[in-house]
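Biologist: I should like to go through this structure with you, beginning with one of its helices. Could you please put it on display?

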Amino acid sequence: MYNVAVIVASDSCATNKRQDGSGVAIRETVENAGYHVVSYQILPDDRQQLANAMAEICDQHQAELILTTGGTGFSPRDVTPEATLDIVERLAPGIPEAMRQLSLSITPRAMLSRAAAGLRKSTLIVNLPGSPKAVKECLEFILPAVGHGLDILTGASQNCAR
């Protein structure tokens, strides 16, 4: 299966003021789906630091999938989508649209998500919500399609048709 890098964007987790639950939820969900977690970082909500970490993973071909959690809301420190957009070469807007659609069936607050997704080299980056419950719900929803997308991105499959 594919290699996954997990990036938690959280000032409070980065300074050990709060325990990370969302990154743990990502790790558990993707490992249960057969993915291999090769990197797990907790970083502060800093646009440049987040962008640099994602770019390094992509440019060094460390993982085919980067999953971020946190930093997608309205707080002035929520900069994960901007960091993602700073480094991607192509957008994948259907993924966050699908997550928002799913989440809107659960809570109207889902419309406040600013999550982004895109491609850099042979890596897909997806911004997930900051709550462990929402992470699990969204990942379980998108992983089947994302797996097919990774097959196409990496050349493991040449055909998009069913």
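Biologist: Which elements cover the buried residues of H4?

Modeller: This is a predicted model. The residues of H4 that count as buried are Thr-80, Pro-81, Ala-83, Thr-84 and Ile-87. The elements that cover these residues include S1, helix H3 (47-59), S3, S5 and S6.

Biologist: Within what arc do the buried residues of H4 fall, seen down the axis of the helix?

Modeller: Thr-80, Pro-81, Ala-83, Thr-84 and Ile-87 are the residues in question. They line one face of H4, because, seen down its axis, they fall within an arc of 160 degrees.

Biologist: Is Thr-84 buried or exposed?

Modeller: Thr-84 has its place in helix H4. Leaving aside neighbours within four places in sequence, Thr-84 is in contact with Met-54, Ile-125 and Asn-127. A residue is called buried under 20% relative accessible area. The relative accessibility of Thr-84 is 0%, so Thr-84 counts as buried.

Biologist: What is the strand order of the open sheet?

Modeller: The sheet has six strands, and their pairing is mixed. Strand S2 (36-43) and strand S4 (90-91) stand at its edges; each has a single partner strand, so one side of each is left without a neighbour in the sheet. The order is S2-S1-S3-S6-S5-S4.

Biologist: Which residue in S5 stands opposite Leu-91?

Modeller: S4 and strand S5 (residues 117-120) run antiparallel and are joined by two bridges. Opposite Leu-91, in S5, stands Gly-118.

Biologist: What angle does the direction of helix H4 make with that of S6?

Modeller: Helix H4 (residues 80-87) packs on the sheet. In doing so, H4 touches strand S1 (3-9), strand S3 (65-69), S4, S5 and strand S6 (123-128). With the direction of S6, that of H4 makes an angle of about 165 degrees.

Biologist: What is the radius of gyration of the chain?

Modeller: The chain has six helices and six strands, and from the N terminus its elements run β-α-α-β-α-β-α-β-α-β-β-α. For 162 residues the globule rule gives 15 Å, and the chain is close to that value, so it is as compact as a globular protein of that length. Its radius of gyration is 14 Å.

Biologist: What percentage of the 162 residues is buried?

Modeller: The accessible surface of the chain comes to about 8,200 Å², and carbon and sulfur atoms hold 52% of it. Of the 162 residues in the chain, the buried ones make up 45%.

How values were computed: Residues are numbered from 1 along each chain as its sequence is written. This is a predicted model: local features need pLDDT of at least 70, side-chain atom pairs count only at pLDDT 80 or more; totals for chains, interfaces and linings use all residues. Side-chain values use heavy atoms; hydrogens and water are left out. Two strands pair if DSSP finds at least two bridges between them. Helices (H or I, at least four residues) and strands (E, at least two) are DSSP runs, numbered from the N terminus. Contact means heavy atoms within 4.5 Å. Axes are lines fitted to C-alpha atoms, for helices over the stretch in contact, and angles run from 0 to 180 degrees between N-to-C directions. The radius of gyration is taken over C-alpha atoms; the globule rule is 2.2 Å times the number of residues to the power 0.38. Buried means under 20% relative accessible area, exposed over 50%, partly exposed in between (1.4 Å probe, protein chains only). Accessible areas come from the Shrake-Rupley method with a 1.4 Å probe; for residues, only the protein chains shown count as cover. The arc is that of the directions from the helix axis to the C-beta atoms.
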